[in-house]
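Student: Could you take me on a close look at the aromatic residues and the nonpolar core around them? I would enjoy a connected account.

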Amino acid sequence: MKLTYIFHSGFVLETEQAILVFDYWMDPCSVMEGVLRSEKPLYVFSSHFHEDHFTREIFEWRKQKENITYILSKDILRHRRANKEEADAWLAKGASWSDELVSVKALGSTDIGVSWVVEIEGKRIFHAGDLNNWYARFLPEAVPGQTIYSEEFEEDIDPIAHEKQYLGELKDIRKVADGFDIVIFPVDSRIGNGYTLGGRQFIERFKVGLFVPMHFVAGGFKSAWRMEEYTNEKNIPFWKISKEGETIEL
């Protein structure tokens, strides 16, 4: 297998028989040019409708390649970002889809849409989408049952309730799988102190073959590397991504 970082939360996973693309947004190194020239079947995943995880550009790929399967979160359809006939599968939390090569399960998120559990060629991959403990930095000052106004998010938030939701989603994922060969997970320094907490809570609960950071563009590559000290404590390999278009052999 070969995993390539495109940008933000976008990745390409090439296996012996197929190519998977997750949460494509932008492609500064033109990774997709080579992907679209491949004769292997292409599976395209979008975890939710936010513009940094989904773009209608993905449908333009049909003009260059025939054997493409689109597996999209149902919220994209609900928010009218795409038409029903444009995807092969519309999945909400708990839904599944499979063919002779790929098996997909949509799990929950603490934001919009879903996270993905994908099995292919005996390997299991987890792409978190926007699943994370996003309000971790507010936890030290949080009082149960009370909200905190966040100027950054421009709303009242309940970090304790949000963390409870996040941990509940992890419990639901555990019902499906207790480990993954590859975990692609947000490590976003924009959310402030504790931005690695969600990732740490994940690796405490699952067996992880390789931890791959994503969603770190605003903070820069080095901000994502902060997660490595925690994966090292658990003897989990960490992909220290340093540039767009970078590839790792698995």
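Tutor: Gladly; here is a walk through the core and its aromatic rings. Keep in mind that this is a predicted model. The largest nonpolar core has 61 residues, and W116, F126, F202 and F211 have the most contacts inside it. Take F126: leaving aside residues up to four places away in sequence, F126 touches S115, W116, V117, L131, I173, F180, I182, V183, I184, F185 and F202. A second core, separate from that one, has 24 residues, including V31, L36, W61 and I68.

Now to the rings themselves. The structure holds 21 aromatic pairs. One of them joins F185 and F202, tilted at 45° between the planes, with 5.4 Å centre to centre. Because F185 lies in strand β14 (residues 182-186) and F202 in helix α5 (residues 197-205), this pair ties together parts that are 17 residues apart in sequence. Both F185 and F202 are buried.

Compare F211 and F238: their ring centres are 6.2 Å apart and their planes at 15°, under the 30 degrees cut-off, so the pair is stacked. This pair links distant parts of the chain, 27 residues apart, with F211 in strand β16 (residues 211-214) and F238 in the loop between α7 (228-233) and β17 (247-249). F211 and F238 are buried too.

These four rings belong to one aromatic cluster, formed by F126, F180, F185, F202, F206, F211 and F238. Charged side chains come in as well: R174 lies over the face of F206, 5.9 Å from the ring centre. Elsewhere, the charged end of K240 sits over the ring of W225, at 4.9 Å from its centre.

How values were computed. Residues are numbered from 1 along each chain as its sequence is written. This is a predicted model: local features need pLDDT of at least 70, side-chain atom pairs count only at pLDDT 80 or more; totals for chains, interfaces and linings use all residues. Side-chain values use heavy atoms; hydrogens and water are left out. A nonpolar core is a set of buried Ala, Val, Leu, Ile, Met, Phe, Trp, Tyr and Cys residues joined through side-chain atoms within 4.5 Å. Buried means under 20% relative accessible area, exposed over 50%, partly exposed in between (1.4 Å probe, protein chains only). Contact means heavy atoms within 4.5 Å. Rings of Phe, Tyr and Trp (its six-membered ring) pair if their centres lie within 6.5 Å; planes under 30 degrees apart count as stacked, over 60 as edge-to-face and the rest as tilted. Helices (H or I, at least four residues) and strands (E, at least two) are DSSP runs, numbered from the N terminus. A charge sits over a ring if NZ of Lys or CZ of Arg is within 6 Å of the ring centre and within 35 degrees of the ring normal.
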